[in-house]
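Student: I've just opened this one and would like to know how its labels are earned. Could we go through a few together?

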Amino acid sequence: HDEVMSCIASAVERHASLMEVSDIALCLRAFRRVALRFDGAVRAGAEAAVVPLRRAWLMRRRAEGVRAADVAAIVECAAFFNIQTDLTRVALDYLTDRVDEVSEQSAIHTVYAMCLTGGVAT
């Protein structure tokens, strides 16, 4: 399965900006689940998620097609692999506004990421 994950990581790294946040989250969850570190893919996926989340947070609207669980999964994966991106602060701000949509599992992932990164919402 390492070869398959490596191909997926290459695709995410090259095409993250064209992918939906939910698809990025699915890929990063898979990397985390099998503990395979693909820094470039995780960084590209996290950076691609920043734009729609920041826009939604600034407009105080829900990002189209983005679930709180997806945001939490991306943040948790980046924190687990110690990938530093702008996503943590943006994601925490976004999730703070969507607190009613955050499931127990997503909350655990988010708090775990906050502990690893020292992140706080503004």
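Here is a short chat about this predicted model.

Student: Why are helix 1 and helix 3 called oblique to each other?

Tutor: Check the angle. The axes of helix 1 (residues 2–15) and helix 3 (residues 39–59) cross at roughly 40 degrees. Roughly parallel needs an angle under 35 degrees, and roughly perpendicular takes 65 to 115. Helix 1 and helix 3 are therefore oblique. Their crossing is also left-handed, and the axes come within 8 Å.

Student: Which residues meet where helix 1 and helix 3 touch?

Tutor: Ala9, Val12 and Glu13 from helix 1 meet Gly40, Ala41 and Ala44 from helix 3. Sorted by kind, the residues of this contact are four nonpolar, one polar and one charged.

Student: What makes arginine 33 count as exposed?

Tutor: Arginine 33 has 67% relative accessibility, and exposed means over 50%. So the label exposed fits arginine 33. You'll find arginine 33 in helix 2. Its C-alpha lies 9.3 Å from that of cysteine 77, though the two are 44 residues apart in sequence.

Student: And what about the largest nonpolar core: how many residues has it?

Tutor: It has 39 residues, and Phe31, Val42, Leu53, Ile74 and Leu87 have the most contacts inside it. Helix 1, helix 2, helix 3, helix 4 and helix 5 each supply at least two residues, with helix 3 giving the most, at nine.

Student: What does leucine 53 touch, leaving out residues up to four places away in sequence?

Tutor: Leucine 53 touches Ala63, Val66, Val71, Leu87, Val90, Ala91 and Tyr94.

Conventions. Residues are numbered from 1 along each chain as its sequence is written. This is a predicted model: local features need pLDDT of at least 70, side-chain atom pairs count only at pLDDT 80 or more; totals for chains, interfaces and linings use all residues. Side-chain values use heavy atoms; hydrogens and water are left out. Axes are lines fitted to C-alpha atoms, for helices over the stretch in contact, and angles run from 0 to 180 degrees between N-to-C directions. Helices (H or I, at least four residues) and strands (E, at least two) are DSSP runs, numbered from the N terminus. Angles under 35 degrees count as roughly parallel, over 145 as roughly antiparallel, 65 to 115 as roughly perpendicular and the rest as oblique. A crossing is left-handed if the near helix is turned anticlockwise from the far one by less than a right angle, and right-handed if clockwise. Contact means heavy atoms within 4.5 Å. Ala, Val, Leu, Ile, Met, Phe, Trp, Tyr, Cys and Pro count as nonpolar, Asp, Glu, Lys and Arg as charged, and the others, Gly among them, as polar. A nonpolar core is a set of buried Ala, Val, Leu, Ile, Met, Phe, Trp, Tyr and Cys residues joined through side-chain atoms within 4.5 Å. Buried means under 20% relative accessible area, exposed over 50%, partly exposed in between (1.4 Å probe, protein chains only).
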